Amino acid sequence: IKKIGVLTSGGDSPGMNAAIRSVVRACNYYGIVCCGIRMGYEGLINDYVVELGPRSVRNLINRGGTELKSARSQEFRTKEGREKAAKTVKKHNIDALVIIGGDGSFTGGTIFQKEHGVPFIGVPGTIDNDIFGTDYTVGYDTALNTAVDAIDKIRDTATSHNRVFFVEVMGRDAGFIALNSGIATGALDILIPEEKDSIEDLFIAFEKAQEKGKSSSIVIVAEGEKLGGVYDLAKFTKMKYPEFDVKVTVLGHIQRGGSPTVADRVLASRLGVAAVEGLIAGKSNVMAGMQSSKLVFTPIEEAIKKHNEIDKDLIKVADILST
Ligand code: ATP
């Protein structure tokens with residue numbers, strides 16, 4: 001292998017920059033030329049390719065977002081789009097790709113590899129932590145800490161006014177951020193997509209809390225929870241308990257930003273090096289991940305099809321501690 005291309009694709013996550021830096025520096029260490037492809041697959045299609053030397057990634061490890069920019073590319077979903085992308089790969093003599101992104105990005109990489117024979121290794125970059133084959137994805141720890149920091153602040157105002165706060169955190173399909181931030185902030189209830197919740201159970205939780213003299217409550221709601229979203233939950237709660245001062249906060253994209261935590265920087269650094277070493281060793285169509293502190297390469301099909309499961313014990317811990 002003489003030349004590796006690196007790109008970030010799909011939703012951005014804090015730590016993607018640290019992963020880019022790691023790929024660039026690992027390439028340099030092993031005497032491989034590294035190209036950055038800007039704007040994910042859009043950049044492959046439109047030839048947004050820049051050569052990256054070790055100095056071009058200085059001051060990057062601590063920065064949120066992705067310097068290469070990310071994109072969702074409709075054109076890459078078409079055969080014609082991927083043909084254009086293959087031309088770019090050929091033009092620059094790129095031998096293999098490191099794709100930093102989520103399962104959609106890995107699906108795109110797999111199809112591209114099948115059609116045009118471009119080897120690739122995936123690095124899981126998403127705040128949702130739902131990718132199989134790694135205990136943690138790059139960006140999750142930072143997003144979680146950002147959420148906890150914000151919820152702590154909400155708690156201050158909640159307790160000052162006897163309020164009920166519904167706080168929406170990110171997670172359309174996965175409740176990792178919700179469950180863990182909920183436990184870390186002592187939420188009264190946590191609603192996640194993986195669990196069957198009912199509004200009656202939520203009301204029972206409110207009543208128990210009142211009986212115990214709790215004057216304010218925080219309910220953490222994952223985006224993808226099945227009861228209809230924070231605004232409906234707030235509306236139903238207000239209808240049932242007109243005396244409650246009910247508030248809603250949607251944390252939104254602040255969870256995607258910010259300087260990555262130590263855990264994310266170290267994870268991104270390890271996986272970036274692993275991806276380059278994996279490609280040198282002839283691996284392809286795998287994702288680099290860490291499981292129980294060990295580096296693991298998971299077949300990409302598995303990483304795409306399966307999902308990290310929520311730990312049922314942790315749900316029980318949340319239940320025990322909220323009463
Ligand atoms: P996140 O989990 O943050 O959403 P993701 O990588 O899953 O990240 P997607 O938007 O699903 O994000 O995928 C990123 C890009 O990968 C898409 O915009 C598209 O260009 C490419 N892609 C996804 N699925 C396919 C597919 N079936 N065929 C070709 N390309 C695909």
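Serine 216 has 19 C-beta neighbours inside 10 Å, so it counts as partly exposed. (The scale: 20 or more other C-beta atoms within 10 Å of a residue's own makes it buried, 12 or fewer makes it exposed, and anything in between is partly exposed, with C-beta atoms placed from the backbone.) Before going further, note that this is a predicted model: local features need pLDDT of at least 70, side-chain atom pairs count only at pLDDT 80 or more, and totals for chains, interfaces and linings use all residues. Numbering runs from 1 along each chain as its sequence is written.

Serine 216 sits in the loop between α7 (199–211) and β8. Helix and strand names come from DSSP runs, H or I of at least four residues for helices and E of at least two for strands, numbered from the N terminus. Skipping residues up to four places away in sequence, serine 216 touches Ala158, Thr159, Asn162 and Arg163; contact here means C-beta atoms, placed from the backbone, within 7 Å.

Serine 216 also turns up in a UniProt annotation, "binding site", from an unreviewed entry, along with Arg21, Ser22, Val23, Val24, Arg25, Arg155, Lys212, Lys214 and Ser215. Such positions are given in the numbering used here, feature names are shortened, and annotations may be inferred rather than shown by experiment. Following the annotated residues takes you across 196 residues of sequence, and they are spread in space too, up to 56.3 Å between C-alpha atoms.

Take valine 23 from that list. It belongs to helix α1 (residues 16–29). With 32 C-beta neighbours inside 10 Å, valine 23 counts as buried. Its contacts, leaving aside neighbours within four places in sequence, are Val6, Cys34, Val98, Gly272, Ala275 and Val276.

Several of those names come back in the largest nonpolar core. That core has 51 residues, and the ones touching the most other members are Ala19, Val23, Val98, Leu271, Ala275 and Val276. A nonpolar core is a set of buried Ala, Val, Leu, Ile, Met, Phe, Trp, Tyr and Cys residues joined through C-beta atoms within 7 Å. Alanine 19 reaches Ile100, Val123, Gly125, Val138, Ala268, Leu271 and Gly272, again without its neighbours within four places in sequence. Apart from this core lies another, of 33 residues, including Phe166, Val167, Ile190 and Leu233.

Phe166 leads us to strand β6 (residues 163–169), which is mostly covered, with six of its seven residues buried. On one pairing, β6 runs parallel to strand β9 (residues 245–250) over six bridges; strands pair if DSSP finds at least two bridges between them. Within that pairing, glutamate 168 has valine 250 of β9 as its bridge partner. β6 also pairs in the parallel sense with strand β8 (residues 217–222), over six bridges, and there phenylalanine 166 stands opposite valine 219.

Now for the ligand. It has 17 residues around it, and Gly10, Gly11, Gly102, Gly104 and Gly108 come nearest. A residue makes this shell if its C-beta atom, placed from the backbone, lies within 6 Å of the molecule. The shell divides into three nonpolar, eleven polar and three charged residues. In that scheme Ala, Val, Leu, Ile, Met, Phe, Trp, Tyr, Cys and Pro are nonpolar, Asp, Glu, Lys and Arg are charged, and the others, Gly among them, are polar. Helix α4 (residues 103–116) supplies the largest share, six residues.

Aspartate 103 is found in α4, and UniProt lists Asp103 for "binding site" in an unreviewed entry. It has 23 C-beta neighbours inside 10 Å and so counts as buried. Beyond residues up to four places away in sequence, aspartate 103 touches Ile131, Ala303 and Ile304.

Alanine 303 brings us to helix α10 (residues 300–305). With 26 C-beta neighbours inside 10 Å, alanine 303 is buried. Its contacts, not counting residues up to four places away in sequence, are Asp103, Phe106, Gly122, Ile131, Phe132, Gly133, Met287 and Thr298. Of these, Gly122 is 181 residues from alanine 303 in sequence and 9.5 Å away in space, C-alpha to C-alpha.

One last stop is glutamate 83, in helix α3 (residues 79–91). This residue is exposed, because 12 other C-beta atoms lie within 10 Å. Glutamate 83 and glutamate 115 are 32 residues apart in sequence and 8.7 Å apart in space, C-alpha to C-alpha.

How values were computed. Contact = placed C-beta atoms within 7 Å.
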